[in-house]
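Colleague: Before I rely on the descriptive terms applied to this model, I should like to hear the reasoning behind them.

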Amino acid sequence: MSAMRATQIRRLPGFGLTLGFTLFYVTLMIVIPIAALLLKASSISMEELVETFKTPRVQASLRLTFGASLLAATINTFFGFIAAWSLVRYRFVGRRLIDSLIDLPFAMPTAVSGIALMAIYAPTGIVGKHFLAWGIKTAISPLGVLIALIFIGFPFAVRTMQPAIEELELEAEQASASLGASRFQTFLRVTLPSLIPAALTGFTLALARALGEYGSVIFIAGNLPMRTEIASLLIVSRLDENDIVGACAIAVVMLASTFVLLLTIQGIQWWIERKTGRN
Amino acid sequence: MSVEVQHVNKTFGSYKAIQDVSLKVHSGELVALLGPSGSGKTTLLRMIAGLEVPDQPVNQDEGRILFFDQDVATRSVAERQVGFVFQHYALFKHMSVFENIAFGLRVRPRNLRLSNPQIDQRVKELLQLIQLEGFGNRFPLQLSGGQRQRVALARALAIEPKVLLLDEPFGALDAKVRQKLREWLRRLHEQVHTTTILVTHDQEEALEVADRVVVMNHAKIEQIGTPEEVFHNPASEFVIDFLGSVNVFSGRHFEPSPEAKTDGAKVYVRPHELQISKESLGSASISAQIQRIQRAGTSAKVFVHTNNEQNVRVDVPIHEFQFMDLEVHQQVFITPLQSHVFSPEYTI
């Protein structure tokens with residue numbers, strides 16, 4: 001009895017209520033839809049699933065989706081870091097404007113992004129035609145898919161690294177300098193490593209967004225089977241063809257691989273935090 | 001390695017943080033910069049480190065900072081070879097304790113760098129020095145505040161600095177740990193003998209640890225001297241006021257001795273410099289009533305209210321207090337045994 005009282009006192013009030021709400025919400029909004037998908041997919045035999053996965057068209061679309069998403073997230077983490085760094089560390093004219101522009105891909109309907117990107121990168125677009133002169137196709141090509149995924153993922157990378165850069169201890173950098181480190185050594189050995197957790201989070205969010213992206217990609221991609229067709233588009237076209245089993249099969253593969261990928265990144269983050277005593 | 005500061009100024013915008021300050025710290029000395037917040041002590045320390053740049057001097061031989069008679073004003077913090085310890089430790093959180101201490105050795109240019117076994121050896125010695133053997137694999141967030149500050153000190157000592165600069169090193173720690181680390185720092189200084197400058201706002205810390213104390217106020221130095229000098233011969237009202245509690249009397253009501261001209265002046269008497277008695281001890285005695293007695297401590301603190309409406313604190317050693325049989329509301333006399341008089345012409 002007294003032990004129970006003790007644990008009750010130690011908790012903040014409202015623990016039961018908030019945990020209950022969280023569980024209810026997660027179940028309703030995430031677990032049930034996914035369970036429905038799995039239930040639907042369970043009517044598919046393992047053979048059918050493997051068969052669907054083996055078709056070259058599905059494989060090509062999965063390769064493109066995961067390849068382009070990983071590459072886009074990497075590029076976004078790199079340039080997102082530079083953007084976040086300059087926004088936090090420097091004061092310049094138009095800083096506020098740039099700061100708010102970064103959020104635009106968050107807010108724009110993806111179809112609008114798609115049309116906007118198409119207008120610029122199409123073979124006749126202002127950017128696309130110059131690249132075409134060099135023999136580079138910025139639309140109706142895997143590069144187009146990449147461009148769209150970079151566009152929509154960028155704010156995630158910037159917005160997660162910005163607070164981490166703001167919270168960097170200036171004194172740690174001064175300590176590094178006083179110990180004889182050059183500016184470059186300080187940046188490489190002190191500043192960058194302390195940003196790894198935030199960069200990893202930014203990478204994960206940009207990646208997750210890219211994997212699920214549909215609206216902004218379908219215009220610029222051109223959706224050529226085997227070449228520029230992303231997995232979510234393939235799912236939609238299977239549904240259009242009334243091939244619900246096929247759609248579910250691709251969806252399950254997508255779901256499983258995304259889950260494994262995110263879990264792995266979480267694991268790395270957990271390992272870093274545990275190692276350095278952050279939790 | 002001696003450190004000399006010559007006529008240095010520093011302004012932040014329109015705010016004067018340091019005004020024409022000169023100071024010489026001798027080789028192997030431990031000097032404390034003591035003052036309230038905003039007195040400029042940290043700015044002075046950061047200028048010595050090279051983390052802050054002094055104002056451009058008007059005359060060429062002014063505004064100089066010398067390390068062993070060499071002008072270092074143009075050298076960066078990395079080139080000055082100073083060990084700097086920050087109030088909030090500024091440890092590298094993503095590195096183990098071992099790597100934190102080894103940092104200064106690892107970033108040296110290749111031709112000056114020690115071999116890995118040598119670095120290992122050096123770090124082990126330092127871990128021993130700070131009494132944290134076996135903590136090498138921990139990370140800063142897994143240590144207590146006192147342990148973190150010791151790691152920060154070892155990290156600074158690893159580069160064998162010419163000067164050790166400590167910015168309120170124990171300011172973020174609780175009183176008990178602070179006291180222990182203070183004594184430890186003094187012992188450490190006797191072992192390594194690095195020229196050390198310590199910034200603190202804690203007068204007890206300064207008086208206890210330092211060879212000499214520099215009392216600062218309003219961007220200027222008020223007094224430089226040994227702890228005994230600044231405590232027993234304070235050069236200004238500020239110094240006596242800052243170094244512990246003190247009772248202030250107006251000279252008009254109070255004549256501690258016939259030879260001192262006290263008219264218009266202020267007379268400062270520390271609580272332990274007052275004698276309390278039931279009968280008047282002569283013309284210097286003031287009649288007063290006891291308001292409150294606080295017995296905890298090595299001396300009893302007796303708070304009295306004088307006839308001319310002043311609140312005065314008298315410290316009576318506890319072994320004397322036991323035989324005095326004093327009570328609240330009792331009428332007593334207080335007599336100064338010693339006093340410090342500051343009149344306008346006396347003020348420096």
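The exchange below takes up those terms one after another.

Modeller: Please keep in mind that this is a predicted model. Chain A has 14 helices and zero strands, whereas chain B has nine helices and 18 strands.

Colleague: What are the extents of the two chains along their principal axes?

Modeller: The C-alpha trace of chain A spans about 65 × 60 × 30 Å, and that of chain B about 80 × 50 × 30 Å. Chain B is divided into domain 1 (3-242) and domain 2 (247-342). The centres of these two domains of chain B, taken over C-alpha atoms, are separated by 40 Å.

Colleague: Why is B:Ala219 called buried?

Modeller: B:Ala219 has 22 C-beta neighbours inside 10 Å. A residue counts as buried at 20 or more, so B:Ala219 is buried. The residue sits in the loop between strand E9 (212-217) and strand E10 (220-225) of chain B. Its phi is near 70°, which is a positive value in a residue other than glycine.

Colleague: Why, then, is A:Met226 called exposed?

Modeller: For A:Met226 the count inside 10 Å is 11 C-beta neighbours. The limit for an exposed residue is 12 or fewer, and A:Met226 is therefore exposed. A:Met226 also lies in a loop, between helix H12 (215-221) and helix H13 (231-240) of chain A. Phi of A:Met226 is positive, near 75°, and the residue is not a glycine.

Colleague: What makes A:Glu169 partly exposed?

Modeller: A:Glu169 has 18 C-beta neighbours inside 10 Å. Buried requires 20 or more and exposed 12 or fewer, so A:Glu169 is classed as partly exposed. A:Glu169 belongs to the loop between helix H9 (142-166) and helix H10 (170-178) of chain A. The C-alpha atom of A:Glu169 is separated by 20 Å from that of A:Gly202, 33 residues away along the chain.

Colleague: Which residues of H10(A) are buried, and against what do they pack?

Modeller: The buried residues of H10(A) are A:Ala172, A:Ala175, A:Ser176, A:Ala177 and A:Ser178. They pack against H11 of chain A, and also against helix H1 (41-49) and E6 of chain B. After H10(A) comes A:Gly180, with a positive phi near 100°.

Colleague: What does each chain give to the contact between chain A and chain B?

Modeller: Chain B gives 21 residues and chain A gives 18 residues. On the side of chain B, strand E6 (82-85) and helix H2 (97-106) are the elements that give two or more residues. That side of chain B has 14 nonpolar, four polar and three charged residues.

Colleague: Why is H2(B) described as roughly parallel to H4(B)?

Modeller: The axes of H2(B) and helix H4 (residues 145-158) of chain B are 7 Å apart, and the helices pack at an angle of about 25°. Angles under 35 degrees count as roughly parallel, and H2(B) is therefore roughly parallel to H4(B). The crossing of H2(B) with H4(B) is right-handed. Among the residues that meet are B:Ile101, B:Phe103 and B:Leu105 in H2(B), with B:Val151 and B:Arg155 in H4(B). By class, this contact of H2(B) with H4(B) has eight nonpolar, two polar and one charged residues.

Colleague: How do you know that H4(A) is oblique to H11(A)?

Modeller: The axes of helix H4 (residues 56-89) and helix H11 (residues 183-212) of chain A come within 8 Å and cross at roughly 140°. Roughly antiparallel requires an angle over 145 degrees, and roughly perpendicular covers 65 to 115. The angle meets neither condition, so H4(A) is oblique to H11(A). H4(A) passes H11(A) in a right-handed crossing. The contact includes A:Leu70, A:Asn76 and A:Phe81 of H4(A), and A:Gly202, A:Phe203 and A:Leu207 of H11(A). By class, the contact of H4(A) with H11(A) has 10 nonpolar, six polar and no charged residues.

Colleague: How much of each chain is buried?

Modeller: Buried residues make up 31% of the 279 residues in chain A and 40% of the 348 residues in chain B.

Technical notes:
Residues numbered from 1 in each chain as written. Chains lettered and ligands numbered in written order. Predicted model: local features only at pLDDT ≥ 70, side-chain atom pairs only at ≥ 80, totals over all residues. Helix = DSSP H or I, 4+ residues; strand = E, 2+ residues; numbered from the N terminus. Domains from an automatic or database assignment. Contact = placed C-beta atoms within 7 Å. Nonpolar A, V, L, I, M, F, W, Y, C, P; charged D, E, K, R; others polar. Axes fitted to C-alpha atoms, helices over the stretch in contact; angles between N-to-C directions. Left-handed = near helix turned anticlockwise from the far one by under 90°.
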